[in-house]
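Subject: Structure for your files

Hello,

Here is the structure you were waiting for, with notes on what turned up in it. Please open it alongside this message.

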Amino acid sequence: MREGPRVTPDALLREGLAAHAQGRVEAAIAAFARAAAAAPDLADAQYLLGAALSGAGRDAQARAPLERAVALAPDVGAYRAALALCLKGLGLIEAARDAFDAARALAPRDAEIAFNRANALAGEAAITAYGETLAIDPGHAGARLNRANALARAGRWSAAAEDYRALPEDPRALIGLAGACLRCGEPALAHDAAAEAVRRAPDAGEAWLNLGAALGMLGQVDAALAALACAPVSVAATVARAVALSRAGRDAEAMAALDAAPERDFDVCMARGNAAFALDRAADAEAAFAAAMALRPDDAAAMANFANVRLYRGYSAQAVDLLHQARARAPADPGVAAAALYALSYDDRTTAAASLAAHRAWGAAWPVRPRPPRATMRARPRIGYVSADFRAHSCAWVLRAVLPHHDRARFEIHAFANLAVADATTRALATNFDGWHDVAALHDDAAADLIRAMDVDLLIDLSGHTAGNRLGVFARRPAHLQATWLGYPATTGLPAMDARIVDAVSDPDDAGMTEAPVRVPGGFLAYAPPAADLPAARAREAGPVFGSFNNLAKLSPATLALWARLLRETPEATLALKARSLADPAVRAEIAARFEALGVAPDRVRTQGFAPEPLGPYAAIDVALDPLPYNGTITSFEALWMGVPLVTSPGSTHAARVGASILTHAGFADWIAADADAYVAVARKLAAERPDRAALRARLAASPACDGARIARAIEALATAGP
């Protein structure tokens with residue numbers, strides 16, 4: 001019998017390659033194995049056999065033929081790269097790295113070898129190696145995606161986002177981009193990326209998770225919950241639901257949603273802390289943020305949240321120090337930076353010069369942009385107000401006094417609202433605008449484009465560095481003239497902010513601001529008093545009651561010492577405090593202990609939390625005490641309107657001079673004390689005199705402090721000033 005023609009090794013290799021191309025992996029391995037057996041010194045046969053085995057997950061079998069291939073042809077980089085992948089699969093990471101390094105040395109411009117070498121590395125080494133791959137082949141999608149993922153794992157979210165953006169058609173990159181934007185505090189950008197990921201990959205659960213999380217952060221709770229219903233059940237989805245509910249003011253539901261979540265999860269702790277804080281459970285919030293810090297000691301957001309709770313429990317100095325540390329850990333985090341700057345106003349150690357320097361340093365990071373030209377073809381100049389506080393908020397009382405007086409026959413008045421949830425106050429304020437523009441779902445570039453396209457003549461920031469601010473929009477310079485007013489007790493530090501609306505008492509000189517001052521005659525504030533019956537005068541034989549209804553963050557050590565002195569020198573008097581955080585028994589106990597340490601018996605300090613009728617408790621006090629160095633604002637107006645005199649002592653900063661501004665323009669300058677001695681003397685004198693409540697109210701009502709029209713005129717004049 002004649003034997004058939006002998007099959008050559010080359011023919012077997014061609015047979016194996018064809019089988020592999022068809023997806024018949026085992027047939028390919030069999031053909032490569034026959035070739036390697038027939039020609040044991042043929043490097044290609046050993047390489048193809050080893051590579052096929054490794055690709056099939058059989059690295060233990062692949063190692064020998066790949067090592068044989070390298071021994072036969074030590075100068076071929078592809079062989080060493082295949083061996084490196086095999087060694088990596090076997091968990092021999094150091095050996096794999098050595099093999100990759102040798103392969104790269106042989107083929108330094110081979111992008112696939114560089115890519116596979118990067119895949120064998122971790123951390124910063126991997127990030128650098130993916131960068132080397134991209135230097136060889138900038139269009140290498142795998143290296144771009146993997147570097148983005150490595151950057152995200154390292155917490156370098158902004159850099160990760162840039163790489164993800166380079167792959168706009170890859171659902172995996174879009175999912176990563178959405179996650180990175182969420183971490184960067186940019187829910188509008190996260191929403192856009194997640195929505196596109198859902199469109200391209202509707203079965204991707206993580207895409208739905210990110211979409212729901214973004215919608216929740218934007219306050220669109222119903223849409224968020226619907227999106228999250230499409231995401232797999234997970235701790236992350238539970239947290240996203242809780243965040244969405246909290247953003248909608250449904251904090252009790254948020255806490256309930258977190259009940260079954262694991263206690264030792266960072267994101268769960270953060271969500272619990274935020275919900276507890278909103279529910280006035282300060283001690284629980286602090287414990288939750290402390291647990292988050294224990295899980296991630298270097299996390300700036302956890303430290304900042306913990307610091308904010310300490311601030312609103314009355315520990316301003318500690319809060320400022322913690323926020324300084326948090327900012328050092330995350331200098332690019334806008335939320336941490338804003339909290340750190342805002343907290344300076346509460347700290348009685350912070351000088352005006354130090355506050356200015358801190359704000360100026362923040363502003364220096366923004367590029368200077370040219371001012372858009374003024375619109376010349378429109379009869380009515382446009383004024384725009386930007387705020388997150390068109391709602392039940394202290395700023396609304398001033399807006400109610402000013403906005404109705406704009407001359408809308410001569411000016412267009414627009415609102416750019418960064419609101420999570422609208423309320424009855426929102427609806428009432430909205431009637432004062434020619435246009436209402438919801439910018440909560442717009443990232444800063446898009447919001448700036450909207451304002452720029454409208455040719456706004458004067459754009460007014462009402463938030464400064466407080467929560468929900470859109471200073472990033474102002475930094476993009478969308479309006480011809482930009483000013484800040486009302487919502488923040490210091491300069492913004494932003495180079496693009498042209499003006500700051502103040503008065504001659506609140507800001508007697510220009511030293512504390514980077515903006516040009518616009519001083520409004522009669523005061524930069526006005527109050528629209530609510531309908532409220534005056535309480536009856538307290539019996540004169542009763543001991544005097546001093547009171548403050550400001551948040552506890554304003555009760556600095558200097559304030560506590562001053563008030564304790566007043567109580568010690570007026571032994572028949574008591575002190576009434578009202579603040580939301582005093583709803584927590586632990587906070588009430590702390591305040592009592594702090595006064596006791598200053599020589600005031602606990603039973604002389606009465607505390608209460610939130611009051612459904614905020615003006616009612618003024619009936620029980622005789623003299624309102626202004627805190628230092630951060631004065632009250634609406635609480636001061638409320639006290640005066642309810643017939644309660646106010647004592648203040650001005651300092652060097654705007655925050656420390658608001659009380660003096662209010663009293664001066666309301667006609668009660670005699671109640672402004674030059675120093676601590678005078679403060680105590682004025683307070684005791686007022687307690688003894690107990691001015692007539694009705695007369696006090698009438699005087700306030702007739703004063704410039706209740707004349708919002710003059711502020712409306714000043715703003716309109718600013719809108720038409722200059723070139």
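I begin with one strand and work outwards from there. Strand S3 (residues 435–438) has two unlike faces: Gly435 and His437 make up the covered one, while Trp436 and Asp438 make up the uncovered one. In a regular strand, side chains point alternately to one face of the sheet and the other. Please keep in mind throughout that this is a predicted model.

S3 is joined by four bridges to strand S2 (residues 412–417), and the two run parallel. Asp438 of S3, from the uncovered face, is the bridge partner of Ala417. On to the next pair: strand S1 (residues 382–387) is linked to S2 by six bridges, again in parallel. There, Gly384 stands opposite His414 of S2.

These strands belong to an open sheet of seven, ordered S3-S2-S1-S4-S5-S6-S7, with parallel pairing. Its edges are S3 and strand S7 (516–519); each has a single partner strand, so one side of each is left without a neighbour in the sheet. On average, neighbouring strands of this sheet are turned by 25 degrees against each other, direction ignored.

The second sheet is also open. It has five strands, in the order S10-S9-S8-S11-S12, and the pairing is parallel. Strand S10 (605–608) and strand S12 (646–647) stand at its edges with a single partner strand each, so each has one side without a neighbour in the sheet. S12 is joined to strand S11 (residues 623–625) by two bridges, and these strands run parallel. Leu625 is placed opposite Val647 of S12.

Two helices lie across strands of this second sheet. Helix H28 (residues 585–597) crosses strand S9 (574–578) and S10, at about 160 degrees to S10. Helix H31 (residues 676–689) lies across strand S8 (545–548), S11 and S12, and runs at about 155 degrees to S11.

Now the interior. The largest nonpolar core has 196 residues, and those that touch the most other members are Tyr385, Phe390, Trp485, Phe546, Phe595, Leu625 and Leu640. Leu625 is thus both the residue opposite Val647 and one of these core residues. For Tyr385, setting aside neighbours within four places in sequence, the contacts include Phe390, Leu403, His406, His414, Phe433, Trp485 and Ile715. Apart from the largest core lies another of 29 residues, including Ala28, Ala35, Ala43 and Leu87.

Ala28 and Ala35 bring us to helix H2, where the buried residues are Ala28, Ile29, Ala31, Phe32, Ala35 and Ala36. Why do they sit on the same side of H2? They cover an arc of only 165 degrees around the axis, which puts them on that side. Their packing partners are helix H1 (9–21) and helix H3 (43–55). H2 itself (residues 25–38) has 14 residues and reaches 20 Å from its first C-alpha to its last, close to the 20 Å expected at 1.5 Å a residue.

Three spots in loops have backbone geometry to look at:

- Leu628 to Pro629: this peptide bond is cis, with omega near 5 degrees. Pro629 is in the loop between S11 and helix H29 (634–641).
- Arg477: phi is positive, about 55 degrees, although the residue is not a glycine. Arg477 belongs to the loop between helix H26 (471–475) and strand S5 (481–484). With a relative accessibility of 6%, Arg477 counts as buried, because the cut-off is under 20%.
- Arg690: phi is near 45 degrees, a positive value in a residue other than glycine. Arg690 is in the loop between H31 and helix H32 (693–701). Arg690 is buried too, at 11% relative accessible area.

Last, some totals. The protein has 33 helices and 12 strands. Its C-alpha trace spans about 130 × 65 × 45 Å along the principal axes. Of its 723 residues, 54% are buried. Among contacts with a separation of 6 or more, 63% are between residues 24 or more positions apart.

Regards

How values were computed:
Residues numbered from 1 in each chain as written. Predicted model: local features only at pLDDT ≥ 70, side-chain atom pairs only at ≥ 80, totals over all residues. Heavy atoms only, no water. Expected span 1.5 Å × (residues − 1). Buried < 20%, exposed > 50% of the residue type's maximum accessible area, 1.4 Å probe, protein only. Arc of directions from axis to C-beta. Contact = heavy atoms within 4.5 Å. Pairing = 2+ DSSP bridges. Axes fitted to C-alpha atoms, helices over the stretch in contact; angles between N-to-C directions. Core = buried A, V, L, I, M, F, W, Y, C linked by side-chain atoms within 4.5 Å.
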